[in-house]
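Walk me through this structure, please. I would like a short guided reading at the level of single residues and strands.

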Amino acid sequence: MLTIGPGAAHLWYVFCDAARDEALLAAYHRLMAPDEAAQQARFLFAENRHEYLLTRALVRTVLSKYANVAPEAWSFVRNEFGRPQIAGPPGVPPIRFNLSNTRGLIACLVALDRDVGVDVEDTERASSAVDIADRFFSPGEVSALRALPQERQRARFFEYWTLKESYIKARGMGLAIPLDQFSFHLDDGPAIGISFDPRLGDDRSAWQFALYQPSARHTMAAAIRSGGGPPLSIELRETVPLRDGG
C-alpha cells in the first residue's frame, strides 16, 4: 500500500508496447466492468482496443495502491461534462484522478482531495501546429508561438496544447471552457504561469503546472489545483499494471 499526503501528487504512466504479454492482457480483461468491456469491443482498430484496455487496467491498479480495494471492485461515474470520478466502494480515501492516452502512452495523475488534470500527446502525429493555434489559442499564445524560430514552433505548440488540455480536464469541464480564454506563459520564469479572461472567474495563484517529455515522441502536462499554498511535489512513476507489483 502507498500513502499520498496533501502535499504530493503521483503521475503514473505506461508505454503501450510494454504491455503486450498475452497473460497480462487476459488479466486486464478480467478487471473490467461489463460496460467497460462493451466499450472496448466497440473500437474498430486493435490498437485502440489495446489502449482502452490498458487505460482501464492502469486506473484500477493504480487506485488499488492507495486503498485496500481489489482493482476490479472500483466503480466510476462521469460528471455532466464526461469526466470520470470514483463512485465506490464506500469508505475509500478521497482520491482524485485524471487519465489521458495517446498513441503509445497512457497516464494517470492522482492526488488527495484536489482537482487534477493530465494530458499526453504524440508529437509525431500529423498536424498543422500553427494553423491549429491560430484557431484555438489565445492571441498572446499565438504571438509567442510565432515569435519562435520555425524549428521550435512544433514542440512549443504541443507544450501549449497539453497544458491547456490538462487545465480544462482538471476543471472537469473539458471543451466547455474556451481555449482562448486563458493563456500560458512559458518564458517568464522557471514556473509555468497562467492568466485568465475575467469571464472564467479563476485565480492563477490557485494552480500549478508541469511539463514532461517521457519519450522522444511524447509530451505530457499536469495541472493541479494547489489552492495558493506551497507547490505540490509531483512524483513520476513508470509502470506496467500487474507486472510491477500491482
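Asp113 counts as exposed because its relative accessibility is 53%, and the cut-off for exposed is over 50%. This is a predicted model, and the value is computed from it. Asp113 sits in the loop between strand E5 (105–112) and E6. Its backbone deserves a look. Phi of Asp113 is near 55 degrees, which is positive, and the residue is not a glycine. Most residues other than glycine have a negative phi.

Leu242 shows a positive phi too, of about 70 degrees, and is not a glycine either. Look for Leu242 in the segment after strand E11 (233–238). With a relative accessibility of 34%, Leu242 counts as partly exposed, because that class lies between the 20% and 50% cut-offs.

Another backbone detail involves a proline. The peptide bond from Gly88 to Pro89 is cis, and omega is near 10 degrees. Most peptide bonds are trans. Pro89 belongs to the loop between strand E3 (84–88) and strand E4 (95–102).

Return now to E6, the strand that follows the Asp113 loop. E6 is part of an open sheet of three strands, ordered E6-E10-E9, with antiparallel pairing. Strand E6 (116–122) and strand E9 (207–215) are the edges, and each pairs on one side only. On average, neighbouring strands in this sheet are turned by 15 degrees against each other, direction ignored.

How many bridges join E6 to strand E10? There are seven, and E10 covers residues 218–225. The two strands run antiparallel. One pair can be named: Val116 has Ile224 in E10 as its bridge partner.

A helix accompanies this sheet. Helix H6, residues 150–170, lies across E6, E9 and E10. H6 runs at about 150 degrees to E6.

Is Leu11 buried or exposed? Leu11 is found in strand E1, residues 8–15. Its relative accessibility is 0%, so Leu11 counts as buried; the cut-off is under 20%. Which residues does Leu11 touch, leaving aside neighbours within four places in sequence? Among them are Ala107, Cys108 and Leu109. Val118, Tyr212, Met220 and Ala222 are also in contact with Leu11. So are Ile234, Glu235, Leu236 and Arg237. Glu238 makes the sequence separation plain. Leu11 and Glu238 are 227 residues apart in sequence, yet their C-alpha atoms are 8.3 Å apart in space.

Technical notes:
Residues are numbered from 1 along each chain as its sequence is written. This is a predicted model: local features need pLDDT of at least 70, side-chain atom pairs count only at pLDDT 80 or more; totals for chains, interfaces and linings use all residues. Side-chain values use heavy atoms; hydrogens and water are left out. Two strands pair if DSSP finds at least two bridges between them. Helices (H or I, at least four residues) and strands (E, at least two) are DSSP runs, numbered from the N terminus. Axes are lines fitted to C-alpha atoms, for helices over the stretch in contact, and angles run from 0 to 180 degrees between N-to-C directions. Contact means heavy atoms within 4.5 Å. Buried means under 20% relative accessible area, exposed over 50%, partly exposed in between (1.4 Å probe, protein chains only).
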